[in-house]
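Trainee: I'd like to go through this one and ask how each label is earned. Can you take me through it?

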Amino acid sequence: MQRVLITGFGIVSPLGRDGAENLKSLWNGSDCISPVNVFDVSKSRCRTAGQVQNTWLAKPKTRRQRRLDRSSLMMIQAVREMMRTSSQIKPETLVVATSSGAMSKGEQFYRSLVTGKNRAGAARQVANYLPQKPVLDVQEEFNWRVPAHIISNACASGTNAVGHAFHLVRAECHDVVLCGGYDPLSEMVFTGFDSLQAATSEKIRPFDRDRSGLVLGEGAAVLLLESERSAVARHVTVFGEIVGYGVSTDNYHPTQPHPSGIGPRLAMQRALADAGLDAGQIDYVNAHGTATIFNDATEGIAISELMPGAAVSSTKSMMGHALGGAGAIEAVFSLLAIMHQLIPPNINFRQPEPGWKFRVVGNKAEPAKIRRVISNSFGFGGLNASLILQAA
Amino acid sequence: MSFFVRGIGAVTPLAANVEQTWAELLAGAEATRQAFANGFGGRIYHCARVPQKFTAGVARESRLRRSGTISLLGVTAGLAALENAGISRDQARGGAIVFAISCGGVEYTRRFYHEVVTEGANNASPLLFPETVYNAPASHLASLLKIDNRDYTLVGDSSVGISAVHFATQLLATDPELEFCIVVGVEETDWVLADAFATWRMVTNQSSFEIFGSMRGTILAETAAALVLGRSGRIQVARVSGGIPFFRQRDASSALRDVVTQLRRDKPPAAILCSANGTFADRAEEIVFRETFGSVSVYGHKPAIGDSLGASGVLNIVLATLTLEQQILPPTLHSGGRLESVTREKTKIDGTEVLVTSVGFNHQANAALLAINS
């Protein structure tokens with residue numbers, strides 16, 4: 001068994017184009033939700049989202065780069081930052097998450113079929129639509145040819161990818177694994193959540209008594225996980241470590257969590273057991289916290305039962321829900337919380353739900369002694385995943 | 001650490017179960033092709049569908065009453081593999097699930113997005129959206145089996161089935177308490193998918209296609225195949241790769257060569273089950289098989305069943321277990337003249353190892369080596 005160290009990370013999210021900008025937004029409690037401008041939302045109830053600015057993404061230079069979807073550009077941007085922080089090492093394998101891939105290209109393809117015009121870019125749309133394409137683009141950009149597993153476990157995907165990579169390194173299957181996740185905004189997914197009445201036309205207010213639903217976001221984040229053996233041999237900077245991962249499936253409903261909170265509780269319990277920790281040793285809970293009635297209710301029950309008194313926030317309040325990318329993005333936020341000793345705020349928070357036994361860190365970031373963070377992600381199909389990060 | 005195939009299952013356009021599918025393949029049967037009914041622009045493509053009666057058993061489950069074809073297929077094959085492994089539903093809780101999917105629930109995705117495009121976002125049905133999610137089939141199977149732990153869906157090109165088996169071996173390797181893993185490859189099809197692949201000349205508009213010949217494209221098929229991977233059994237997954245990507249079609253043979261070199265043992269396999277589908281993949285496999293394995297018999301199931309994309313890799317591993325157990329290969333239908341070692345009739349083999357290969361559309365090569373305990 002090897003310790004699993006984080007020796008590199010990269011992120012692009014609505015909070016900023018790199019780790020430094022994301023950290024600044026976390027300290028400031030920035031509200032990075034804005035009116036959607038990448039497709040028409042005039043017929044949707046929800047009309048806002050957390051969006052990555054196109055100007056933040058590296059300007060494509062070659063013909064190949066100009067053809068890439070935003071999802072590929074976001075992934076490349078995140079990996080480029082990771083490479084800067086990790087001494088340019090080539091990973092042995094990749095474990096990457098997405099829930100919708102480059103769906104917007106599939107949408108363009110279908111629209112061109114329905115309207116019967118503008119088929120000129122059809123082949124390119126198809127090539128870029130497939131969910132594995134951004135991962136292939138990353139490999140080509142950095143001249144890697146290594147195996148890649150792409151997990152699509154809905155909104156739990158990102159945490160699943162980091163967690164699986166953690167287990168691979170800990171069990172000494174690999175020494176260096178790049179893991180992470182991405183998801184761009186797409187009209188179909190945006191409309192899907194709107195049709196389920198899960199999206200809100202108001203501010204996203206996770207864990208608030210008057211919460212009314214989620215707002216979508218987008219982004220990409222990656223972490224380089226490295227065995228202690230490899231990191232010591234390379235004399236690299238260690239940013240933190242991963243010590244536990246747990247999953248559960250609550251087998252209740254395709255889109256709704258079991259109201260008892262058993263799914264999230266089991267995932268967190270399993271992560272704690274995997275790490276050999278007690279719940280009291282967790283300093284901060286980076287909650288899934290989508291701000292839907294059902295998610296926050298069940299997660300709230302689970303945290304109350306398992307970690308009464310814990311400091312909790314949902315960073316989705318600042319950037320929205322990046323779906324398959326969320327778990328990886330929030331793993332980086334959790335890492336930043338440990339590195340810089342802060343609890344990111346749960347903005348737009350007004351009143352807690354009566355009966356919950358944890359403390360929502362509302363509206364302002366708090367300096368705090370943070371040694372361990374548990375990060376939760378839950379998804380359609382009743383999938384739940386929790387990850388525990390620790391100061392190295 | 002060794003991993004073994006404990007049970008297999010499949011539902012294909014040829015038959016409702018793996019035994020009958022195998023019998024049909026040995027008899028040289030070809031799945032019925034039908035033209036898609038819901039196309040645009042007068043472009044016609046054919047596909048091989050699984051008759052609804054083959055999935056009628058699981059369609060009665062309340063959890064699946066609103067599910068799409070892909071969920072019904074995946075659950076049917078997964079339950080069949082579990083039964084074949086001698087594991088009851090009640091005993092399944094200790095297992096994990098890994099699904100391999102390439103394009104996912106395209107029927108529901110198309111219907112949902114069609115409503116968005118034609119009627120507006122405010123008229124899109126909330127009933128369709130949950131089934132457009134890639135992991136919907138896996139979550140249904142987990143729910144029916146009450147598996148409350150590991151439940152993963154992997155996406156990728158048609159090599160993802162072999163990648164899923166590799167992933168399952170990782171789960172077993174990293175968790176000594178995990179008893180077994182159900183690996184399911186599944187795909188449904190739709191005119192939009194065929195039209196999309198046709199833009200790259202990967203799908204033909206004919207009702208049959210040739211492999212190792214003219215390379216005019218493939219025909220898509222619905223299929224689900226499943227296996228139960230555990231720590232004991234008669235057929236061993238001796239080696240399996242996580243896959244190697246390639247960035248241009250002309251580099252596919254190089255990627256496949258690297259993969260089979262990684263897996264190669266002292267003696268050549270007794271047979272190869274290939275992924276040839278009437279596209280550039282044929283050329284890559286032809287080059288590697290000829291230079292690396294000489295006269296080793298090669299079988300391709302796709303002209304008989306069709307190309308089931310994400311399901312095809314798992315189906316090939318399922319067929320490889322039958323090949324090893326029965327020491328026979330079916331005839332490859334519609335094989336051109338570019339590779340002499342292709343089976344053109346039922347062919348007896350004599351050996352303990354079979355290689356399964358896959359060259360995906362977009363763009364990964366992968367392979368697995370299966371061995372029978374003598």
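Trainee: Which residues lie on the two sides of S15(A), and are they buried or exposed?

Mentor: On one side sit A:Leu383, A:Ala385, A:Leu387 and A:Leu389, on the other A:Asn384, A:Ser386, A:Ile388 and A:Gln390, and all are buried. Keep in mind that this is a predicted model, where local features need pLDDT of at least 70, side-chain atom pairs count only at pLDDT 80 or more, and totals for chains, interfaces and linings use all residues. Residues are numbered from 1 along each chain as its sequence is written, with chains lettered from A and ligands numbered from 1 in the order in which they are written.

Trainee: What makes a residue buried or exposed?

Mentor: Buried takes 20 or more other C-beta atoms within 10 Å of its own, exposed 12 or fewer, and partly exposed is in between, with C-beta atoms placed from the backbone. In S15 (residues 383–390) of chain A, eight of its eight residues are buried, so the strand counts as mostly covered.

Trainee: Why is S8(A) called a partner of S15(A)?

Mentor: Pairing needs at least two bridges found by DSSP. Eight bridges join S8 (residues 240–249) to S15(A), so they pair, running antiparallel. A:Gly244, for one, has A:Ile388 as its bridge partner.

Trainee: How many bridges join S14(A) to S15(A)?

Mentor: Eight, again antiparallel, with A:Ser375 opposite A:Leu387. Their hairpin has three residues between the strands, and A:Gly381 takes a positive phi near 85°.

Technical notes:
Helix = DSSP H or I, 4+ residues; strand = E, 2+ residues; numbered from the N terminus.
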